[in-house]
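Work through these short exercises with the model open beside you. Try each task before you read its solution.

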Amino acid sequence: MLRRDQSELKERAEPLRRTHPPIGAMTSGKRLGGGYRPLGPGRSALGPGRSALGPGRSALGPRGGSCRIGLIATLTTDAPNKSLDRTSAVESRLSQRRLAGAVGAIAFSGFFALWLGLRIGGTEPVRDFDDIATALAALAAALSCMRAAIRQHDRSRRFWSLLAMACGAWTFAEVVWAVYDIVLRVPVPVPSWADLGYLGAIPLAAAALLSHPAVRRARQARARASLDAVLLATALLFISWSFVLGPLWRHSDLGSLGCVVAIAYPFGDIVMLFLVVTVIRPVRVADRFGMWCVLAGIVAMAISDSTYTGLVEAGKYSSGDMVDVGWVVAYLCLALGAFGTGGTPAGRPARRPSQARQATGAPGVMPLSSTVASFVPILAALVSVAVEHALGRKLPPFDWALALALTLLALARQGLGLWDGWPGRPPATSRSPAASRSTAGSRSTAPSLSPFGKGPAEP
Amino acid sequence: MRSLRSANRASNFIVMMLMAATTVVAFLDLYLLGSGLPR
């Protein structure tokens, strides 16, 4: 809007520039910087208080009677510069904050891993340091998410608030764990009050991801987005079932509450991973850094949870194990994501769908990183099926059925992608006139056959 | 502008390779799953 006004002002000022050259050009007889320079507010090429169209008239018409050429020049040159300067200053501050946060998180994680790896001070100091540092990292994540929620004034506020509550539950669990370890000096029982916090955080984090504005957009997508989601969930379930959940299911006593709790961790991680990958695909450019950090945190947590479950099953886990590094990294990633998220000013009007579409980048086209993030679990699951066969292992019935479902879904999805991008057939996003107008500029650069290349349709 | 175009071409190439790999592995899995029935 501002840009349109500026171009209109430029157009109206152009005849005046031709008929009345700037003072510098008239006095020196040379064209300085293209023959046009700003005169500053309140100054006119014809002198103070005079307009090129006569007294009391201006290029803007009767309503802009007091406007002078100098003011036009100022508007056409200074205003965009100031606006650009302000925007770049905000972006620069945000980048500096992200860089500082990332350096701090990496330094602390490295220090923590080094302490645990070298066993500095012996078993007990390492265990105490581990418990305290993990609880502090979870607290940092909770406070950072709370700060991000306070700074947001749009629909992202609910996302960060729920994530802050999830981090609060994790903090509670870490504190309970530390009390068992440091104060009571007893092994943490399974299940314990700490499990209440750990498992209670999973639905809160899932609710946070479901309340993300990007999910609202994804919900309005077509059948292909749903097929993508089912395919992704099947791939994640297959990987987890093959390597963690399946062996645990077959070798455990399912009647005990401890086993149910042990299985709940990797299962909850699958749910969260699925939701994060679903959210990160149609997310706005401004929210992408935060969501990538959340994804990194959830991945680190999933790896640690699965390894922890395996170690507990084998009876080899103790506090201060290297697997604890994953949880600290996960909490710090969540804290960094919240810390590096820019705030939205209060009273800002709700974004129109067209503006939201512009903010996600080129309409209907997902960025490469999001596409790869969707592909990796699917390709990994498909490759693991082939590897299992190559190693001569026969799949149990449930695994076989899951693998078959995954393969058929992947083939169906590829076939649908090929059908949508078939020569002579209009892409799905350009079938409506509005969509065809919006995608006209980016058609040549969009991967036409990409199965995940087209995002969900905007409302 | 040229660098933008080449970046687009590179990302298209990566996506196409991923898609091709997914399709090939899916067909291979279908064959393997068909030949190796569950116990």
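A helix here is a DSSP run of type H or I with at least four residues, and helices are numbered from the N terminus. The model is predicted.

**Exercise 1. Place Ala205(A) in its helix, and decide whether Ala205(A) is buried or exposed.**

Step 1: Find the helix. Ala205(A) sits in helix H6 of chain A, residues 193–210.

Step 2: Recall the cut-off. A residue is buried if 20 or more other C-beta atoms lie within 10 Å of its own.

Step 3: Apply the cut-off. Ala205(A) has 27 C-beta neighbours inside 10 Å, so Ala205(A) is buried.

Step 4: List the contacts. Beyond four places in sequence, Ala205(A) touches Leu163(A), Ala166(A) and Met272(A).

Step 5: Compare sequence and space. Ser161(A) is 44 residues from Ala205(A) in sequence, and their C-alpha atoms are 10.0 Å apart.

**Exercise 2. Describe the make-up of each chain.**

Step 1: Count the elements. Chain A has 15 helices and zero strands. Chain B has one helix and zero strands.

Step 2: Look at burial. In chain A, 36% of the 459 residues are buried. In chain B, 23% of the 39 residues count as buried.

Step 3: Look at contact range in chain A. Take the contacts with a separation of 6 or more: 77% of them join residues 24 or more positions apart.

Step 4: Check the confidence. The average pLDDT of chain B is 80, and 87% of its residues score at least 70. For the complex, the predictor gives an ipTM of 0.84 and a pTM of 0.60.

**Exercise 3. Which residues have the most contacts inside the largest nonpolar core?**

Step 1: Name them. They are Cys145(A), Tyr331(A) and Leu334(A), in a core of 90 residues.

Step 2: Find the main contributor. Helix H5 of chain A, residues 156–183, gives the largest share of this core, with 14 residues.

Step 3: Follow one core residue. Contacts of Leu334(A) beyond four places in sequence include Ala141(A), Cys145(A) and Cys167(A). Cys293(A), Val294(A) and Gly297(A) are also among them.

**Exercise 4. Check the lengths of H5(A) and H9(A) against the expected span.**

Step 1: Take H5(A). Its 28 residues should span 40 Å at 1.5 Å a residue. The end C-alpha atoms are 39 Å apart, which agrees.

Step 2: Take H9(A), residues 257–280. Its 24 residues should span 34 Å, and the end C-alpha atoms are 34 Å apart, which agrees.

Step 3: Look for a bend. H9(A) has a kink of about 25° at Ala264(A), shortly before the proline Pro266(A).

**Exercise 5. Where are Arg119(A) and Arg185(A), and what is the sign of phi in each?**

Step 1: Start from the usual case. Most residues other than glycine have a negative phi.

Step 2: Read Arg119(A). Its phi is positive, about 55°. Arg119(A) lies in the loop between helix H3 and helix H4 of chain A. With 11 other C-beta atoms within 10 Å, Arg119(A) is exposed.

Step 3: Read Arg185(A). Its phi is also positive, near 55°. Arg185(A) lies in the loop between H5 and H6 of chain A, just after H5(A). With 8 other C-beta atoms within 10 Å, Arg185(A) is exposed.

**Exercise 6. Which residues does Ala386(A) contact beyond four places in sequence?**

Step 1: Locate the residue. Ala386(A) is in helix H13 of chain A, residues 368–390.

Step 2: Judge its burial. Ala386(A) has 17 C-beta neighbours inside 10 Å, so Ala386(A) counts as partly exposed.

Step 3: Name the contacts. They are Val25(B), Leu28(B), Asp29(B) and Leu32(B).

Methods. Residues are numbered from 1 along each chain as its sequence is written. Chains are lettered from A and ligands numbered from 1 in the order in which they are written. This is a predicted model: local features need pLDDT of at least 70, side-chain atom pairs count only at pLDDT 80 or more; totals for chains, interfaces and linings use all residues. Helices (H or I, at least four residues) and strands (E, at least two) are DSSP runs, numbered from the N terminus. A residue is buried if 20 or more other C-beta atoms lie within 10 Å of its own, exposed if 12 or fewer, and partly exposed in between; C-beta atoms are placed from the backbone. Two residues are in contact if their C-beta atoms, placed from the backbone, lie within 7 Å. A nonpolar core is a set of buried Ala, Val, Leu, Ile, Met, Phe, Trp, Tyr and Cys residues joined through C-beta atoms within 7 Å. pLDDT is the predictor's confidence in each residue, from 0 to 100. The expected span of a helix is 1.5 Å times one less than its number of residues. The bend at a residue is the angle between axes fitted to the seven residues ending there and the seven starting there.
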